[in-house]
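Student: I'd like to go through the empty spaces and the ligand site in this one. Can we take it step by step?

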Amino acid sequence: MLPGSPFLHRDAAGSLHLEALELNELASRFGTPLYVYSRSAMQAAVAAYQRALAGRQHLICYAMKANANLAVLQTFAQAGCGFDIVSGGELARVLAAGGSADKVVFSGVGKTRAEMAQALEAGVRCFNVESIPELAVLDEVARAHGVRAPVSLRVNPDVDPKTHPYISTGLKGNKFGIAHSEALVTYQRAAELQSLHITGIDCHIGSQITEVSPYQDALDRVLDLVEALEAQGLSIHHLDLGGGLGITYTDETPPTPEQLLAPLLARIDARGHSQREIVLEPGRSLVGNAGVMLTEVLFLKPGEQKSFCIVDAGMNDLMRPAMYEATMGIVACQTNTEKAKTAHTWDVVGPVCESGDWLGRDRDLAVAPGDRLAVLSAGAYGMSMASNYNARGRAAEVMVEGDQARLIRERESVSDLYRLEKRWD
Ligand SMILES: *Cc1c(COP(=O)(O)O)cnc(C)c1O
């Protein structure tokens, strides 16, 4: 009935729970809008990847842009994960959460010299380099620090991940990665640079991918390159297949990590690469279904063409519907009450002054003002993409485990929002 997490369930009295906690009660205790994450769901998601990779040298680097709260990072660090970062700020967060730099891979097309220096000083495991100019700058920065920078090249395998164009990254004409046809010369270039040290190869073809075949195609393209590189005397230690595995928002049926990895590992073995270390960079699939966002119904506004259910969370709190026209499940936190409710087809919209400010369209819900709704599968790219548009403080975040709930980020106050600004006096 509820898509996503086995840790989300409704009891006989109609009350929605995450682990043993009643979400309506958490909304009363911590206020709304509120993100709530299940720690057990995150641990279970990592364990599924770990089982699928058992017996192989591997590293699961959580792509922390999906959700970068320190308690979330700490949960993954304690589970043995490394991290895929895309900025110096993310590196600082990993360290603050107790993660170790030697399990960090640094991705991204636009690393600054300062970020490269910071990552070299911290001792990250690898830079995922995306262009020849970046190689040259990294070589200079490493030389200035008297170290050799560990490098993997992010190659663009030119496969269609069959996902939303905004979240597909492995096609030609995309800003990410080094074109497949240029990969060999770029590796040669990297090998000539004295302050670089080649450690691996990586690709990341997109996000919310619900089929195995694009991964299989990408893997074959990457293995072709590895074989060509080794034939030229370059040694490639690790194989980083990126992230991108999709989750169930409504009716998607993505493969499990086991269903994704079994055929990929079989292919790796069949082509004689069993000894290679496997690195993965999952983001969404580790946290997406571990979280919900709670919001309170403010007003109902039935109309001739459209009827609106106006809630206290907007596109600034949860951007995915506005940005990608993403469909996310929306359900009442409490059903079966005595209170009179209006059953109707509603557009669930926020208070932000934009027509694009919606959380869900044409939803059949029985609601009354004051009710709380839960937007499901909101653990990934929810809070991490939130903004302060319309001078709205960002939501609070709570993590639950069993019957325990802890505030892991306070609600932002308005004075937090203008703390760094100056009046013209
Ligand atoms: C965003 C990103 C990921 C994670 O993608 P998900 O779809 O969240 O799994 C992994 N690697 C890189 C380089 C990314 O940019």
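Tutor: Sure, and keep in mind that this is a predicted model. One definition before we start: Ala, Val, Leu, Ile, Met, Phe, Trp, Tyr, Cys and Pro count as nonpolar, Asp, Glu, Lys and Arg as charged, and the others, Gly among them, as polar.

Student: Okay, then how do the residues of the lining of the second largest cavity divide?

Tutor: That cavity has a volume of about 40 Å³. Ten residues line it, and Ser5, Leu8, Asn289, Gly291 and Val292 lie nearest its centre. Sorted by class, the lining comes out as six nonpolar, four polar and no charged.

Student: And which helix gives the largest share of the lining of the largest cavity?

Tutor: The structure holds two cavities of 30 Å³ or more, and the largest has a volume of about 60 Å³. Its lining is made of 13 residues, with Tyr215, Gly242, Gly243, Leu260 and Leu280 closest to the centre. By class they are nine nonpolar, three polar and one charged. The largest share, three residues, comes from helix α9 (residues 257–270).

Student: Now the pockets. Where does the second largest pocket lie, and why?

Tutor: About 440 Å³ of space lies in this pocket, and Ala45, Ile247, Pro257, Ser285 and Asn289 are the nearest to its centre among 26 lining residues. Domain 1 (8–38 + 288–414) and domain 2 (39–286) both give residues to the lining, so the second largest pocket lies between domain 1 and domain 2.

Student: Which element gives the most to the lining of that second largest pocket?

Tutor: The lining divides into 16 nonpolar, eight polar and two charged residues. The elements that give it two or more residues are α10 (284–287) and α2 (39–52). With seven residues, the top contributor to the second largest pocket is α2.

Student: On to the ligand: how much of its exposed area does the protein bury?

Tutor: Start with the contacts: a polar side-chain atom of Lys65 sits 2.8 Å from a ligand oxygen, and one of Asp84 is 3.2 Å from a ligand nitrogen. Tyr381 places a polar side-chain atom 2.5 Å from an oxygen of the ligand. Taken alone the ligand exposes 390 Å², and the share of that buried by the protein is 94%.

Student: Last one: how many charged residues are in the shell around the ligand?

Tutor: There are 14 residues around the ligand, and those coming nearest are Lys65, Ser207, Glu281, Arg284 and Tyr381. The shell divides into three nonpolar and six polar residues, and the charged ones number five.

Technical notes. Residues are numbered from 1 along each chain as its sequence is written. This is a predicted model: local features need pLDDT of at least 70, side-chain atom pairs count only at pLDDT 80 or more; totals for chains, interfaces and linings use all residues. Side-chain values use heavy atoms; hydrogens and water are left out. A residue is near a molecule or strand if one of its heavy atoms lies within 4 Å of it. A polar contact is a pair of N or O atoms within 3.5 Å; within protein, one must be able to donate a hydrogen and the other to accept it, and residues adjacent in sequence count only if both atoms are side-chain atoms. Accessible areas come from the Shrake-Rupley method with a 1.4 Å probe; for residues, only the protein chains shown count as cover. On a 1 Å grid over the protein atoms alone, a cavity is a set of points where a 1.4 Å probe fits but cannot get out, and a pocket is an open set with protein on both sides within 12 Å along at least five of seven lines; lining residues have an atom within 4 Å of a point. Grid points are joined across faces, edges and corners, and a volume is the space filled by probe spheres set on the points. Helices (H or I, at least four residues) and strands (E, at least two) are DSSP runs, numbered from the N terminus. Domain bounds come from an automatic or database domain assignment.
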